[in-house]
Amino acid sequence: MEAVARLEARLLLLREEWFHRNRSLDEERKIEYKAAVKIQSWFQGCRVRSYLRYLNQMAIIIQRWWRGYVSRKHFRKMVKTAYFMMKMNFYNEMAVRIQKRWRGYYIRKYVHNYYALKKYLEAISVNNEIVRSELQKYTEMMENEKKRKDLEKKEKKKKYQARKMHYLLSTEQIPGIYNSPFRKSPDPMELLLRKSKPLSHRQQQTKSPFTSELYDWPTCKRPPTFSTGQPLPAISRQKPQGPFHDTAEVFWQRHKPLEPTLHMAAFISSPLDKAREEMKREDWGNCIHDKEFLPFSSYNKDKKYDPLIHRSGKYGHEGYGTKHFREENPKKWVADKDFQRVFPPVVLFEKYGKTYSSTGQIV
Amino acid sequence: NSGVMTLLRPLLLDVIPNIQQTAALALGRLANSNDALAEAVVKGDILPQLLCSLSEQNRFYKKAAAFVLRAVGKHSPQLARSVVQCGALEMLMICLEDFDPGVKEAASWALGYIARHNSELSQAVVDAGAIPLLVLCIQEPEIALKRIAASTLSDISKHSPELAQTVVDAGAIAHLAQLILNPDAKLKRQVLSALSQIAKHSVELAELVVEAEIFPVVLTCLKDSDEYVKKNGATLIREIVKHTPELSQLIVNAGGVAAVIDCIGSCRGTVRLPGIMMLGYVAAHSENLSMAVIVSKGIPPLCACLIEEQEDHIKAAAAWALGQIGRHTPEHACAVAVANVLPILLSIYMDTRSSEDLQIKATLKNILQKCTYLPALEQLLHDAPPNIIKHIVGQFSKVLPHDSKARRLFVTTGGLKKVQEIKAEPGSLLQEYINTINNCYPEEIVR
């Protein structure tokens, strides 16, 4: 019973304790609940955080791997392009070197050939010298021509003056103007006067307008001299027909110096002709007697035979026809009769002097 | 003026031919002396009467009539046009077909004076069919007729390329080229003038003239004793040279440059001008040709021209030619500078009397921009005005940084001192050049 009393006492306490415990529990429950919640949330948080961390790390790993892969790929590409660029640069350099050499060579050879230019300039100077000397010669020649012409003109004038003043010549008795007795020798004008022919009273021929032009013509070396104007036709002659060429032209044409064509100047068949002529000349030279043999007509019967000098002189041997083979003195002849001929006579010679022509009267 | 025209007019219709001729001659002489009288001749309606019966008349009348036409036509284009309007050209053609050379000469002279004024009148002369007859006239043996025919062809072809082409188509060039060999000086003048008028218009015409094988015969004309033959010869060569480098090359190869240079050296006055211009044209085409001119000793005569001549246009031409020679490369500029040309050019430029037309400045600039011959540049440094100094100092600034001997020389001759004395605005080109030069030297020397 005691136990029950105890228990009943304790029951009151129990109730209080129960109440207190429940109350405190209740009160603590909130706190504990909150604490538990806190702990749980913390723990959950830790769990989630570590999970997230884990996820993060995994993601980082993946990303790392991926980024590495991509970058390596990129890097490889970069390396490839860099290598390519290096190669291309190298090739470009080499190509530049080749082009440099080639362009230098080509331009120096064809476009800006220094030596050719130099040679060309030297050739130009040489050519210039030649041209200058030629032109110098030409001017000198022209000047000489001019001087010569002037001189000739002066001479002509002087001669004309001398001819006009011919009366000033000195005579035996009276010395002329140019032959003063106090001079040692006469003046050159005096000598000229002596040489010149006096002018006749005929009027000086006026220069035809053609003389000066044709004098300069290359083919006509002297001025043609001809009368002025057209020649008057004879009174009784019939009037000439038709339009004739100008007298001056005709005269000029007639006095044109010969300019033979090449055909004429150098014969085509010249060796043969020359040889023929040579032969003819030789024959003529070898002939002793120029006259041909006379025909056997009696027209020439009485013609005396002219002996050669060789025969007719006393130093030449007396040859055939004059020399006889018989002793001249008849006392010394061997036989009385004439000698007989050994050779048969030539018939033609028998008829010599007695032939067939009717002019000779023998027949 | 005292009613002479009214008196002479009926005499033209007189029965006796002698009176007609003398009246025509009198009219011609009156009209020749004075253009008012020529106007009076035209106004008095004398020309139609003169021309009406021309074809039946004898040669003296034709000569006198052509003389009248020439005398009237020479004064002014209006008078020439009135002559043409009277139908004179047909009559002149009839005269050109006549046998007598005097008549032909008078007719071609009249045509020449008419065609001289302007291209319409020339065209009218050409349309009347004058050119073949003139080409025939050139082949005649009389020198006076050849002269006049050549001068008429020259007057016709000078106006325009089409007229020149018409003259060429009639085969005139071959005959004119043959006549260059003729010894008569006045004929050569006209022939050369005709050829140069033909050649000046275009490249094809110039090539045609050259193909007639006038070179090297034309070079003998440059040595003729007559001044105007030389001048016209030089003009012909100039007209050919100015078109293309190939034609210039041809002439240089034929030795034309030497001949022209000698010609310049021997003449004085305006006769030199075409020769100077020819050298300028040749040098302008390319640097090889310019070098050829230098090698042929072209610079001393040009220099002499600059010094001796008084007239502005000749000096201008000489300066221009020197500029063309010197502007290609430093070698050319050096050759020009060595010949002591630059001080002369500078003195002409500085001379207050010389006009702006001389364009010496352009020449100097062209030469200086290529000149690396320092002694000549230094000479100029002392007297030049600011706008020239700019170029000189620029040249120094280009050369001095690379050449140590030149630097030393520059200091010893006092050039550096002169450069310091030049005042330039900061930031201008001149200041930059001066700075470049100063940088070549250590500080103490600059001080």
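**Fold of chain B, the A–B interface and aromatic pairs**

Chain B comprises 32 helices and zero strands. The model described here is predicted. Of the 447 residues of chain B, 54% are classed as buried. Among the contacts within chain B that have a separation of 6 or more, 69% are made by residues 24 or more positions apart.

The interface between the two chains was examined next. It brings 19 residues of chain A into contact with 24 residues of chain B. The size of an interface is often expressed as the accessible area that is lost when its parts come together. Between chain A and chain B, the buried area is about 1800 Å², and carbon and sulfur atoms contribute 60% of this area.

Specific polar interactions across the interface were also identified. Six residue pairs are in polar contact between chain A and chain B, with both residues of each pair at pLDDT 80 or more. The count of salt bridges between these chains is one. This salt bridge joins Arg132(A) to Asp262(B), with the closest N and O atoms 3.1 Å apart. On the side of chain A that touches chain B, the elements giving two or more residues are helix H2 (114-164) and helix H4 (209-216) of chain A. The largest share of this side comes from H2(A), which provides 14 residues. By residue class, the side of chain A that touches chain B consists of nine nonpolar, six polar and four charged residues.

Aromatic interactions were surveyed over the whole structure, and nine aromatic pairs were found over all chains. In the pair formed by Tyr281(B) and Trp320(B), the ring centres are 5.4 Å apart and the planes lie at 80 degrees; the arrangement is therefore edge-to-face, since planes over 60 degrees apart fall in that class. The pair links distant parts of chain B, with Tyr281(B) in helix H20 (residues 273-285) and Trp320(B) in helix H23 (residues 312-326), 39 residues apart. The relative accessible area of Tyr281(B) is 24%, so this residue is partly exposed. Trp320(B) is likewise partly exposed, because its relative accessibility is 29%, a value in between the limits of 20% for buried and 50% for exposed residues. In chain A, one aromatic cluster is formed by Trp102(A), Tyr105(A), Tyr106(A) and Tyr110(A).

How values were computed. Residues numbered from 1 in each chain as written. Chains lettered and ligands numbered in written order. Predicted model: local features only at pLDDT ≥ 70, side-chain atom pairs only at ≥ 80, totals over all residues. Heavy atoms only, no water. Contact = heavy atoms within 4.5 Å. Buried area = accessible area lost by both parts, 1.4 Å probe. Salt bridge = Lys/Arg side-chain N within 4 Å of Asp/Glu carboxyl O. Polar contact = N/O pair within 3.5 Å; in protein donor to acceptor, adjacent residues only side chain to side chain. Helix = DSSP H or I, 4+ residues; strand = E, 2+ residues; numbered from the N terminus. Nonpolar A, V, L, I, M, F, W, Y, C, P; charged D, E, K, R; others polar. Phe/Tyr/Trp six-rings, centres within 6.5 Å; stacked < 30°, edge-to-face > 60°. Buried < 20%, exposed > 50% of the residue type's maximum accessible area, 1.4 Å probe, protein only.
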